[in-house]
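Visitor: Please take a single position as the starting point and describe closely what surrounds it. I would then ask you to follow its surroundings outward into the rest of the fold.

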Amino acid sequence: MKPAERSGARLAVVQALYEMEISGKGVIDALAEFEAFWIGQVIDEVEHPPAETAFFRDLLRGVVEEQRAIDQRLDAALSAGWPLRRLEAVVRAILRAGAYEVMFRRDVPVKVAISEYVDVAHSFYEGEEPGLVNAVLDKVGRVVRPDDFAKDSAKGSRAG
């Protein structure tokens, strides 16, 4: 598994989640479509990067299966008065995919997951959205994986 192919899978998952939301497609149709026609292809002069297929499948299925828990955790991390449903669809897709990794993929370091989804946000936005993604996923990570943050502060205090 190459890190670039994991990054490609993350981008593809966000695109697939967005497509599913606006078109009403199910997970099986989205998996088939993205694996056959999007991942690693050039469409309308836009190159879609190669992606680790097993990772892509796990992320997409996982977000769909755990969406209720993910959405509750994201709503708790967002500012009062700004529930997840009020955010733009691409931002929702980025946050859901990122939260799935933070909450359920313990093999992925939480800070790596956050950084990757901030990068995905930069692929779509130049404004405040990447900062929002960073802040919300950081908040989720500190609640569901506090030990990951404690390890980093312990390392920092020993290094100083």
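Guide: Arg10 is found in helix H1; helices (H or I, at least four residues) and strands (E, at least two) are DSSP runs, numbered from the N terminus. The model is a predicted one, in which local features need pLDDT of at least 70 and side-chain atom pairs count only at pLDDT 80 or more, whereas totals for chains, interfaces and linings use all residues. Residues are numbered from 1 along each chain as its sequence is written, and side-chain values use heavy atoms, with hydrogens and water left out.

Arg10 has a relative accessible area of 3% and is therefore buried; buried means under 20% relative accessible area, exposed over 50%, and partly exposed in between (1.4 Å probe, protein chains only). Apart from residues up to four places away in sequence, Arg10 touches Phe55, Leu59, Glu101, Val108, Glu116, Tyr117 and Val120, where contact means heavy atoms within 4.5 Å. Two of these partners, Val108 and Tyr117, lead onward.

Val108 sits in the loop between helix H5 (89-104) and helix H6 (110-124). With a relative accessible area of 3%, Val108 is likewise buried. Beyond four places in sequence, Val108 is in contact with Arg6, Arg10, Phe55, Glu101, Ala113 and Arg145.

The second partner, Tyr117, touches Arg10, Val14, Leu59, Ile94, Ala97, Gly98, Glu101, Val133 and Leu137, again without counting residues up to four places away. Tyr117 also belongs to the largest nonpolar core, which has 48 residues; Phe56, Leu60, Leu74, Ile94, Leu95, Tyr117 and Val133 are the members that touch the most others. A nonpolar core is here a set of buried Ala, Val, Leu, Ile, Met, Phe, Trp, Tyr and Cys residues joined through side-chain atoms within 4.5 Å. At least two residues of this core come from each of helix H1 (3-23), helix H2 (27-38), helix H3 (53-65), H4, H5, H6 and H7. The greatest contribution, 10 residues, is that of H5.

H5 has 15 of its 16 residues buried, so the rest of the structure largely encloses this helix. Its end C-alpha atoms are 22 Å apart, in agreement with the 22 Å that 16 residues should span at 1.5 Å a residue; the expected span of a helix is 1.5 Å times one less than its number of residues. At the start of H5, a side-chain oxygen of Glu88 comes to within 3.0 Å of the backbone nitrogen of Val90. Leu95, in helix H5, is at 0% relative accessibility and thus counts as buried. Leu95 touches Leu74, Leu84, Leu87, Val133, Val136 and Leu137, residues up to four places away being left out.

Those contacts point towards H7 and H4. Helix H7 (residues 129-144) has 16 residues, and its 22 Å from first C-alpha to last is close to the expected 22 Å. Its buried residues are Pro130, Val133, Val136, Leu137, Val140, Gly141 and Val144. Viewed down the axis of H7, these fall within an arc of 140°, so they line one face of the helix; the arc is that of the directions from the helix axis to the C-beta atoms.

In H4, the buried residues are Ile70, Asp71, Leu74 and Ala77. They cover an arc of only 125° around the axis, which puts them on the same side of H4. Arg68, Gln72 and Ala76 are exposed on the other side of H4. The buried residues of H4 pack against H3, H5 and H7.

Asp71, located in helix H4 (residues 67-77), is buried at a relative accessible area of 16%. The side chain of Asp71 makes a polar contact with the side chain of Arg96 (2.8 Å). A polar contact is a pair of N or O atoms within 3.5 Å; within protein, one must be able to donate a hydrogen and the other to accept it, and residues adjacent in sequence count only if both atoms are side-chain atoms.

As for the setting, the protein has 8 helices and 2 strands, in the order α-α-β-β-α-α-α-α-α-α along the sequence. Of its 160 residues, 44% are buried.
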